Amino acid sequence: MLTYQDLTGPERRVWDACATGAAVDLRSGDPAADDPVGGAAWGDARTVRAEVITTALLGGAGPVGPIRTLYLIGARVAGRLDLRGLAAAGELRLEGCHFEEQVVLRDATLRSTSLSRCRIPGLDGWLLKVDGNLFFENSVLDGRLTLTRAQITGELRLSGARLTATELLGADGAGGAIPVPDPARAPSVWALWAGGLVMDGGCFARGGFHARGGLRLVGARFNGGLFMERARIDNHGGDAFTGDDLTASTLVLAGGFTANGSVRLPGAAIRSRLSLDAAVLDGCGAVALDGNRLTAGDLRLTPAALPIGTVDLQDAQTVVLHDNEHSWPADTRLDGFTYTSLQTSTPAPEPVARRLAWLAALPGYSPQPYEQLAGWYRRIGHDDDARRVLLAKQRRRRRTLGAPGRLWGRLLDATVGYGYRPWQAGLWLAGLALLGTLVFRHGTPHEVKAGESVPFSPLVYTLDLLIPIGGLGQRTAWYWTGAQQWFGYSLIALGWLLTTAVLAGISRTLNRS
């Protein structure tokens, strides 16, 4: 155990200040010389051993009395700060410090802790418990930040921080240019490993946050929300953000958020808002956004540019979907995707036509996206638009059928619009009635029974041939020979065909309703 007599001058200043929480500032006053990235060159006057910090946090013997806060600025922390399995008696605030070795907080129990504007060669916070806040604002972490199954009752602040995965560091521990990783290795390159993290407060990784390597947040819980406006993640060829089964009150990947690598949120549950507004999503030729089985109260899929890669929202659910002209790349998958309300930031003179073009661009045929869109139009009282969508669904389905099915489908489409345009049958009936009237006005029909027939009417006779059920008394009283006879047979066949199509279309509509 260290004693007061074992301490250097700067270390005694730290020790003495712990009881009051006063800051011990070892900076030179020159901003360039005080940059913690170059802190390895700081001399003894700015050096504090890691074991001194550890002993002070544990309430070590000395004249300090009960520790309140250890507040140190601009120091070189020599050796490894290792608090594994330990419980700190006071708060820890280190600003602008340079750590020689990885910080180990595995299974430690800490009060509010701040490592802001520091240079840290990685941090192991597996099973860390923080009663309060944990800050890494504007720090440089040259090595993985691990917070697996950590529990933080306050806020986690990473705004302005720069994280680099250990695998992307050079032999000297410094980060060089980002290589194009081996595709087989790329998914394992992580700058932040925080599966099972539990946050009671908010997590903020806003403007200036830059991760070289992916963020792994599988099963994490952000009860106060996760906010990453203007953040950037580079993991070319791998996963930029992996949040399988993540839960959050709010998830904001917006306002210039940039992901070079896949954003994966399968099974994630966002109680309020998931925002990708003005985001840039580059899946590097793979998946840009995986939202399979995602649930969100409000989904704002309004990126700044068309995502590069697949957008997969199969079996996802949202109450309100916001989209724009950049939402849907060529490879979009929406089978099973449900929404209650649909809003767009792109006004269009013919929104139904734009929505139909949206669905027509989907790869393959699936009826559910059409049924979902039609259901939304029905809910807002646009029944005509709903019928247009369902008609488009039948036309898309027809392309998947064999030759007989396609032929019958074209007949249903032409006659009654698959039951969604029954008025088309009236047009066919009127056109054939007019044609028949013109044909039967020329020539002389023959009476079936001389002197007993009703007066001949070309229009009524034509209608009697076209309508297969019942009768108007004309075709049983008169008959033709020659060309009119064969024309009459054609009308009878067309009448049966038209009637069959009408009944099939009505049956299809009633069954769907």
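**Entry 1. The second largest cavity**

I looked up which element gives the most to the lining of the second largest cavity in this predicted model, and found that α4 supplies the largest share, three residues. Both α3 (351-360) and α4 (367-379) contribute at least two residues each to that lining. I then listed the residues around the cavity: Leu334, Phe337, Tyr339, Trp358, Leu359, Gln368, Pro369 and Gln372. Sorted by class, this lining comprises six nonpolar, two polar and no charged residues. For the volume of the second largest cavity I noted about 40 Å³.

**Entry 2. The largest cavity**

I next asked how many cavities of 30 Å³ or more the structure holds. I found two cavities of that kind. The largest cavity encloses about 70 Å³ of space. Its lining consists of Leu156, Leu158, Leu192, Leu197, Cys203, Ala205, Phe209, Leu215, Leu217, Phe222, Leu226 and Met228. I recorded the classes of this lining as twelve nonpolar, no polar and no charged residues.

**Entry 3. α4 against α5**

I returned to α4 in order to see how it packs against helix α5 (residues 383-398). The axes of α4 and α5 lie 7 Å apart, and the angle between the two helices is about 170°. Angles over 145 degrees count as roughly antiparallel, and α4 and α5 are therefore roughly antiparallel to each other.

I wrote down the residues on both sides of this contact. From α4 come Pro367, Tyr370, Glu371, Leu373, Ala374, Tyr377 and Arg378. From α5 come Asp383, Asp385, Ala386, Val389, Leu390, Ala392, Lys393 and Arg396. By class, the contact of α4 with α5 holds nine nonpolar, no polar and six charged residues. I kept one general point beside this list: an α-helix has 3.6 residues a turn, so residues three or four places apart point the same way.

**Entry 4. Helix α2**

I asked why helix α2 (residues 50-57) can be called largely enclosed by the rest of the structure. The reason is that seven of its eight residues are buried. The buried residues of α2 are Ala50, Val52, Ile53, Thr54, Thr55, Ala56 and Leu57. I then looked for what covers them, and found among the covering elements α1 (9-17), β2 (47-49), β3 (69-73), β4 (76-78) and β5 (91-95). After α2 comes Gly59, and I noted that its phi is positive, near 80°.

**Entry 5. The loop between β24 and β25**

I examined two residues of the loop between β24 (232-242) and β25 (247-252), beginning with Leu246. Is Leu246 buried or exposed? Leu246 is buried, and its relative accessible area is 0%. Leaving aside residues up to four places away in sequence, I found that Leu246 touches Leu217, Gly219, Ala220, Phe222, Phe241, Gly267, Ala268, Ala269 and Ile270. Two of these names, Leu217 and Phe222, had already appeared in my list for the lining of the largest cavity. I also noted Gly195, which stands 51 residues from Leu246 in sequence, with 8.9 Å between their C-alpha atoms.

Asp245 belongs to the loop between β24 and β25 as well. It is a residue other than glycine with a positive phi, near 60°. I recorded Asp245 as partly exposed, with a relative accessible area of 46%.

**Entry 6. Asp315**

I looked up Asp315 next, which sits in the loop between β30 (308-312) and β31 (317-323). Asp315 is not a glycine, yet its phi is positive, at about 60°. With a relative accessible area of 45%, Asp315 is partly exposed.

**Entry 7. Gly297**

I located Gly297 in strand β29 (residues 295-301). Which residues does Gly297 touch, not counting those up to four places away in sequence? I found Ile270, Arg271, Ser272, Thr318, Val319 and Val320. The C-alpha atoms of Gly297 and Ser272 are separated by 4.7 Å, although the two residues are 25 residues apart along the chain.

**Entry 8. The whole chain**

I closed with counts for the protein, which has nine helices and 35 strands. Of its 513 residues, 51% are buried. Among contacts with a separation of 6 or more, 47% join residues 24 or more positions apart.

Definitions and conventions. Residues numbered from 1 in each chain as written. Predicted model: local features only at pLDDT ≥ 70, side-chain atom pairs only at ≥ 80, totals over all residues. Heavy atoms only, no water. 1 Å grid on protein atoms, 1.4 Å probe; cavity = no way out; pocket = protein on both sides within 12 Å on 5 of 7 lines; lining within 4 Å. Points joined across faces, edges and corners; volume = space filled by probe spheres on them. Nonpolar A, V, L, I, M, F, W, Y, C, P; charged D, E, K, R; others polar. Helix = DSSP H or I, 4+ residues; strand = E, 2+ residues; numbered from the N terminus. Axes fitted to C-alpha atoms, helices over the stretch in contact; angles between N-to-C directions. Parallel < 35°, antiparallel > 145°, perpendicular 65-115°, else oblique. Contact = heavy atoms within 4.5 Å. Buried < 20%, exposed > 50% of the residue type's maximum accessible area, 1.4 Å probe, protein only.
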